[in-house]
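Reader: I am new to this structure and would like to understand how its descriptive terms are applied. Please set each value against its definition.

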Amino acid sequence: MTFKIPSLCAALIMVITHVHGQNYEAQVDALMQRMTLEERIGQTVMYGGGWDKTGPTINTEFEKHIADGNTGAMLNVYTAKGTRALQKIAVEQTRLGIPLLFGYDVIHGHRTIFPINLALSCSWDLGMVEQSSRIAAEEASAEGLHWTFAPMVDVARDPRWGRISEGAGEDVFLGSAIAKAYVKGFQGNDLSANNTILACAKHYVAYGAAQAGRDYHTVNMSENELRNVYLPPFKATIDANVQTFMSAFNELNGVPTSGNKFTLRDILKDEWKFKGFVVSDYTSINEMIMHGFAKDSLESAKIGMNAGVDMDMMGEVYRKYLKQLITEGKVDEAAVNDACRRILLTKFKLGLFDDPYRYSDETRQKETIYKPEFLETARHIAAASSVLLKNDNEALPLSKDQTFALIGPLAKDEYHINGNWGGAGDRDGKSVSIYEGLLEYVSDKAIFYSKGCDIESEDQSGFKAAIETAKKADVVLLVMGESYHMSGEAASRTNLKIPGVQPELIQAIREAIPNKKIILVLMNGRPLNISEEKEEVNAILEAWYPGTMGGLAVADLLFGKENPSAKLTATFPRNVGQVPIYYNMKNTGRPIPKNNPKEDYKSNYIDSPNTPLYPFGFGLSYTTFTYSDFKISAKTIGFNETLKVSATISNTGNYDGQEIVQLYLHDKVGSVTRPVKELKGFEKIFLKKGERKVVTFEISTEDLKFYNAEMLYGVEPGEFEIAIAPSSDFEFEHMFELKK
Ligand code: NOJ
């Protein structure tokens, strides 16, 4: 390892920092004037580590790149000790002592793991989203991390795509609101505080629309669809001051998104005036060769930089080729300078030039991770994210004086329960299984356990024991679903059934105990086709992967300490053939008549209803809510006027509970066709048993805007249907008109 002059310049930079206070731009300029071209290129390079239980494991070649000033950032390295050691190399061994950025996938928690993002979105609770990412940032920053590769704000309408689990589901409006809440939680109000981290809006863009749900795949889409559906959540993160973006793996209309000047420079940097920096996805610049868009690595580096990707994650092509490309006149040095400037600016904002080790504090790490209050919050959030899909004859909540047959491959699981992208969360030891959760309520003598089968195997040899177990108890609790590897990156499925022989086990148990109460608790990372299982069981609780405290949260729901309030943010199909299926689709010239869904020459299937199994916005509670007394402030509004609509929501059941009240619009005629329904507002309210509340929404012209065929964003006069509803499954009854 070569040692360079200990950094006098680093000290100088710190002095300059203090002299100039918050004027980061000037400080970046001053620093850049001292930097060689190689050093500026070095800032655009990211390398990565591996890790084991003791902390990060770093390849010595990467350490050398850090010491040589060839590295601006590292990924997959955490712990206060590990990051401090690497930071020391950057600060003490490089000529200018520029600190490194440490980034990691803190996706739904760092150590304390919250429910997977799709689950969390089902809470429709922006406060909880912010709270969970705030806690994630507290823990991550205490382990030396400055940056998370989150939130994933890709609209996803295809449950075959495993990464649907990482986002906020299918809707633009809700997805945009949730995107903002994540950014606020991670970044806080002051980036220089040692408990805030940079957020990263990913994967830019349209990654969720991959052909046939195959990961990394082709996307062909009109600019109109791109602007109306896929771009808004990204724009929302900019409005929330997100500091970084990640370009994606997919191509968009023939141009890979990591080499797409139109989306990166024209839209993101010019139109939206994004001032932060763009990092590529993992080797996504190099992958343009396989896409057939770059002939070799040299050309891929040229395309990436010219398109506006500022940092190369793990691809090594910027380090190897940018200098040559500049010398040959193929990349403008100004582009590299701009990239370097953006990256340095974030380092200044984080306060790394004041103290490069400010996030790498072992005492704070010890005090912060798995704080009891974090775990308590995680428990509560997990309960708010589980969706009650079925509850016939009030099968739930359970009474404590019964016996339970606990069956299924996930019943005692502590491993899958954290879900994919489980951060640095300890899967064995810390996470609470559903079995352990139940023990908070009933003694182990009241629980008879039988695994029944594995998640994915075809082996039915455990069925017999499971059936015997089911016969012994008053109530059967089945805990089933996918393994966590079945969703997330590179985990697309063509079959949306509960895997393996689990469906057969459900059927066998039902046949053996036709009259007993069977409750199905599901853990999975995507909407599943549970059309048949739905008929076999009395209640279904979709718990997704509920995280570290998942078992307790599920038990809290099953025994009624918490009342389910979550509602689906992604449609559950009846069968895989309906996919993609989502509520805010367009109409056709031949819509299906309500009273005759099978009518010939209409837009229907001949072998399946078009309607979903469970629609967007749907979720039950132990209580019931009724909607009445819809009021609208005017039948006509002008361009700068606001409309008020309200409805009375009453808790008509036997429990206190929360209800997610939803506002939908339908723009009846547009210069480009508009979706049949669009969510435009929501409010989560708490109502005591017997209580009622008036919920009011305001609609302004801003809410009616969309991109027209010329890609102009604006409103068009005309008629709009409007509704306040408990889910997306309703018929409009009211309307208003927008007049010029
Ligand atoms: C690839 C994934 O697509 C991205 O989401 C993630 O942030 C990076 N790898 C880094 O782990």
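Author: The following exchange treats one residue and then the cavities.
This is a predicted model, in which local features need pLDDT of at least 70, side-chain atom pairs count only at pLDDT 80 or more, and totals for chains, interfaces and linings use all residues. Residues are numbered from 1 along each chain as its sequence is written, and side-chain values use heavy atoms, with hydrogens and water left out.

Reader: Why does Thr 701 count as buried?

Author: Buried means under 20% relative accessible area, with a 1.4 Å probe and protein chains only. Thr 701 has 10% relative accessibility and therefore counts as buried.

Reader: Which residues is Thr 701 in contact with, leaving aside its neighbours within four places in sequence?

Author: Contact means heavy atoms within 4.5 Å. On that basis, Thr 701 touches Gly 638, Phe 639, Asn 640, Glu 641 and Val 715, its neighbours within four places in sequence being left aside.

Reader: What makes a space a cavity?

Author: On a 1 Å grid over the protein atoms alone, a cavity is a set of points where a 1.4 Å probe fits but cannot get out; lining residues have an atom within 4 Å of a point. The whole structure has six cavities of 30 Å³ or more.

Reader: Which residues line the second largest cavity?

Author: Its lining consists of Leu 665, Asp 667, Arg 674, Glu 678, Lys 680, Asp 703, Leu 704 and Phe 720. Asp, Glu, Lys and Arg count as charged, while Leu and Phe are among the nonpolar types. The lining of the second largest cavity accordingly has five charged, three nonpolar and no polar residues.

Methods:
Buried < 20%, exposed > 50% of the residue type's maximum accessible area, 1.4 Å probe, protein only. 1 Å grid on protein atoms, 1.4 Å probe; cavity = no way out; pocket = protein on both sides within 12 Å on 5 of 7 lines; lining within 4 Å. Points joined across faces, edges and corners; volume = space filled by probe spheres on them.
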